Number of protein chains: 2
Amino acid sequence: MTSKTDRKKAVQLFKALSHSTRLLIVQKLLEGEKCVNDIRDLFDVSQPNISQHLNILKFSGIVDFLQEGNLRCYFLKNPERIKKIIQAIK
Amino acid sequence: MTSKTDRKKAVQLFKALSHSTRLLIVQKLLEGEKCVNDIRDLFDVSQPNISQHLNILKFSGIVDFLQEGNLRCYFLKNPERIKKIIQAIK
DNA sequence: TTATAATATAAGTAAATGTTTATATAATAA
DNA sequence: TTATTATATAAACATTTACTTATATTATAA
């Protein structure tokens with residue numbers, strides 16, 4: 001049986017993935033780390049909005065970033081896990 | 001690469017699972033089919049609200065039901081898939 | 001038939017999430 | 001230093017989702 005906190009975490013993760021921009025970001029990051037403007041250029045989405053989505057992904061534990069000069073390069077914290085999840089829902 | 005419609009479907013599925021009541025319902029249904037009032041009694045949630053959540057789960061293709069007399073017994077359409085998804089997010 | 005039990009639906013309201021616009025910060029380049 | 005580039009944050013507004021309350025439907029039991 002799953003505990004209450006486990007379930008909250010799961011719900012948060014599902015929420016993080018239940019937006020098409022965020023799901024796309026995650027899929028792109030499966031190819032490797034990308035900095036914000038690279039990600040931004042992939043979609044027709046404003047810079048602040050991308051930042052906000054990245055923040056949600058970060059908060060839910062899906063991504064993290066490394067500061068490289070004035071760039072922030074985001075990457076999946078656990079790409080294998082993400083692959084499994086995406087595979088499972090297909 | 002995932003198509004746009006695939007992604008929409010995935011997003012819808014994640015959305016359906018990103019609510020703790022619905023995730024709990026789904027976990028309960030892994031034990032076997034249950035009718036609405038059985039489900040309702042498991043939680044502190046109103047009857048209409050349970051119906052609404054079940055409707056969302058039905059619409060997203062996760063559950064279906066069989067009418068048995070005046071009972072509606074809900075079941076998971078693809079329990080293996082659900083198990084995999086839940087396993088993957090852990 | 002009428003009453004009751006099980007469930008769904010609809011309308012209204014509340015709460016959460018998403019997007020835009022404007023502004024801030026931090027790192028580098030000039 | 002000052003300007004510029006990359007990114008974040010905050011506030012306002014829009015949209016979506018959730019929940020409640022009231023009512024409808026459908027099947028069975030009396």
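Visitor: Which residues are linked with Glu31(A) in a network of salt bridges?

Guide: Keep in mind that this is a predicted model. One pairing here is Glu31(A) with Lys28(A), whose closest N and O atoms sit 3.8 Å apart. That counts because the cut-off is 4 Å. The network of salt bridges links Glu31(A) with Lys28(A) and Lys34(A).

Visitor: Is Glu31(A) buried or exposed?

Guide: Its partner Lys28(A) is partly exposed, at 23% relative accessible area. For Glu31(A) the relative accessibility is 56%. Anything over 50% gets the top label, so Glu31(A) counts as exposed.

Visitor: Over in chain B, which side chain does Lys34(B) meet in a salt bridge?

Guide: Here the N to O distance is 3.9 Å. With the limit at 4 Å, the pair therefore makes the list. The partner of Lys34(B) is Glu31(B).

Visitor: And is Lys34(B) buried or exposed?

Guide: Let's take the partner as well: Glu31(B) is exposed, at 55% relative accessibility. Lys34(B) has a relative accessible area of 17%. Buried means under 20%, so Lys34(B) is buried.

Visitor: How many residues apart are Glu80(B) and Lys83(B) in helix α5?

Guide: These two form a salt bridge, with the closest N and O atoms 3.4 Å apart. Both residues lie in helix α5 of chain B, which covers residues 79-89. About one helical turn separates them, because Glu80(B) and Lys83(B) are apart by 3 residues.

Visitor: What is the relative accessibility of Lys83(B)?

Guide: Glu80(B) counts as partly exposed, at 48%. Lys83(B) counts as partly exposed too. The value for Lys83(B) is 42%.

Visitor: How many salt bridges does a search of the whole structure find?

Guide: Side chains of opposite charge can pair when their charged atoms come close. We've been through some of the pairs, including Glu80(B) with Lys83(B). Over all chains, the number of salt bridges found is 8.

Visitor: Why is there no bond between the sulfurs of Cys35(A) and Cys73(A)?

Guide: For Cys35(A), the closest cysteine sulfur belongs to Cys73(A). A disulfide needs the sulfur atoms within 2.5 Å. This pair is too far for a bond because the sulfurs are apart by 4.8 Å.

Visitor: What is the relative accessible area of Cys73(A)?

Guide: Cys35(A) is buried, with a value of 8%. Cys73(A) is buried as well. Its relative accessible area is 7%.

Visitor: So how many disulfides turn up over all chains?

Guide: Cys73(A) has its closest cysteine sulfur in Cys35(A), too far for a bond. The search takes in the whole structure. The number of disulfides is 0.

Definitions and conventions: Residues are numbered from 1 along each chain as its sequence is written. Chains are lettered from A and ligands numbered from 1 in the order in which they are written. This is a predicted model: local features need pLDDT of at least 70, side-chain atom pairs count only at pLDDT 80 or more; totals for chains, interfaces and linings use all residues. Side-chain values use heavy atoms; hydrogens and water are left out. Buried means under 20% relative accessible area, exposed over 50%, partly exposed in between (1.4 Å probe, protein chains only). Helices (H or I, at least four residues) and strands (E, at least two) are DSSP runs, numbered from the N terminus.
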